[in-house]
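Here is a short note for a colleague who is meeting this structure for the first time. The points below deal with its aromatic rings, and are best read with the structure open alongside.

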Amino acid sequence: QNPGLLKQEKAAGHTIGNHTYSHEYKYLYSSTDNFINDLKKNETIISSIIGDHDKTLIRFPGGSFKLTSFQRAATAAGYHYIDWNAETGDAERQHASVDFLLTTLRKDLAGQKKVVILMHDAATKSTTADALPQVIAILKSQGYQFRPITSDSYNVIKR
C-alpha cells in the first residue's frame, strides 16, 4: 500500500525484511504451506517495487517463539528469521502513553546485551513515534549501539 515509503527506506540504506503479505494469523498459521506462500507473494511484490534486495530476511507476525514447525519450514525454504527480545508494549495497546511505553521497554532491557525492539507504526500507535527520541536516549545512555540487521545477525535474537 506504500510503495513510495518502501523505496525511500531502501534509498536511505535501511534493511528491508518480509513480514508476510496478509499478516492474518489464522490463515498464515493454519499450515506451513500457507505461511511460505504468503511470504513468497510478499517477496514478489517487494521485488517489483524496489528491485534487488536480500529476500531471505523475515519476521514472523506475532513472533516465531512457539512455532518450531514454521521455523523449520522457513529455514528449509531459504529464509532467515529474526525475533525481538524487547518491546515497548505498543502491540497490545492503542494510544498507549509514552510513560507506559518507556516503562515497558526499560523492564525488557534489563540484562540484555543485544536488543531488537518491537515497535509499531500505525494510526493508533502515534505515541510510539512520540516516544522514539526518549527510547533512543535511553538506549544510548545504557551503551547500546545502533546497527542494521544484516545476514550476520539472522537467528541471533530470539526470546
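1. In this predicted model, Phe 35 and Phe 70 are both buried, and a good place to begin is with the way their two rings face each other. The ring centres lie 5.9 Å apart and the planes meet at 85 degrees, so the pair is classed as edge-to-face.

2. As for where these two residues sit, Phe 35 belongs to helix α3, which covers residues 32-50, while Phe 70 belongs to helix α4, which covers residues 68-76, so the pair ties together parts that are 35 residues apart in sequence.

3. A further edge-to-face pair is formed by Phe 60 and Tyr 81, with 5.5 Å from centre to centre and 90 degrees between the planes. This pair, too, links distant parts of the chain, since Phe 60 lies in the loop between β1 (57-58) and α4, whereas Tyr 81 lies in strand β2 (residues 80-81), 21 residues apart.

4. Are Phe 60 and Tyr 81 buried or exposed? Phe 60 has a relative accessible area of 0% and is therefore buried, and Tyr 81, at 5% relative accessibility, counts as buried as well, because the cut-off is under 20%.

5. Taking a wider view, ring pairs join Tyr 25, Tyr 29, Phe 35, Phe 60, Phe 70 and Tyr 81 into a cluster, and with ring centres required to lie within 6.5 Å, the count of aromatic pairs comes to seven.

6. A contact of another kind involves Arg 93, whose charged end sits over the ring of Phe 100, at 3.7 Å from the centre of that ring.

Definitions and conventions. Residues are numbered from 1 along each chain as its sequence is written. This is a predicted model: local features need pLDDT of at least 70, side-chain atom pairs count only at pLDDT 80 or more; totals for chains, interfaces and linings use all residues. Side-chain values use heavy atoms; hydrogens and water are left out. Rings of Phe, Tyr and Trp (its six-membered ring) pair if their centres lie within 6.5 Å; planes under 30 degrees apart count as stacked, over 60 as edge-to-face and the rest as tilted. Helices (H or I, at least four residues) and strands (E, at least two) are DSSP runs, numbered from the N terminus. Buried means under 20% relative accessible area, exposed over 50%, partly exposed in between (1.4 Å probe, protein chains only). A charge sits over a ring if NZ of Lys or CZ of Arg is within 6 Å of the ring centre and within 35 degrees of the ring normal.
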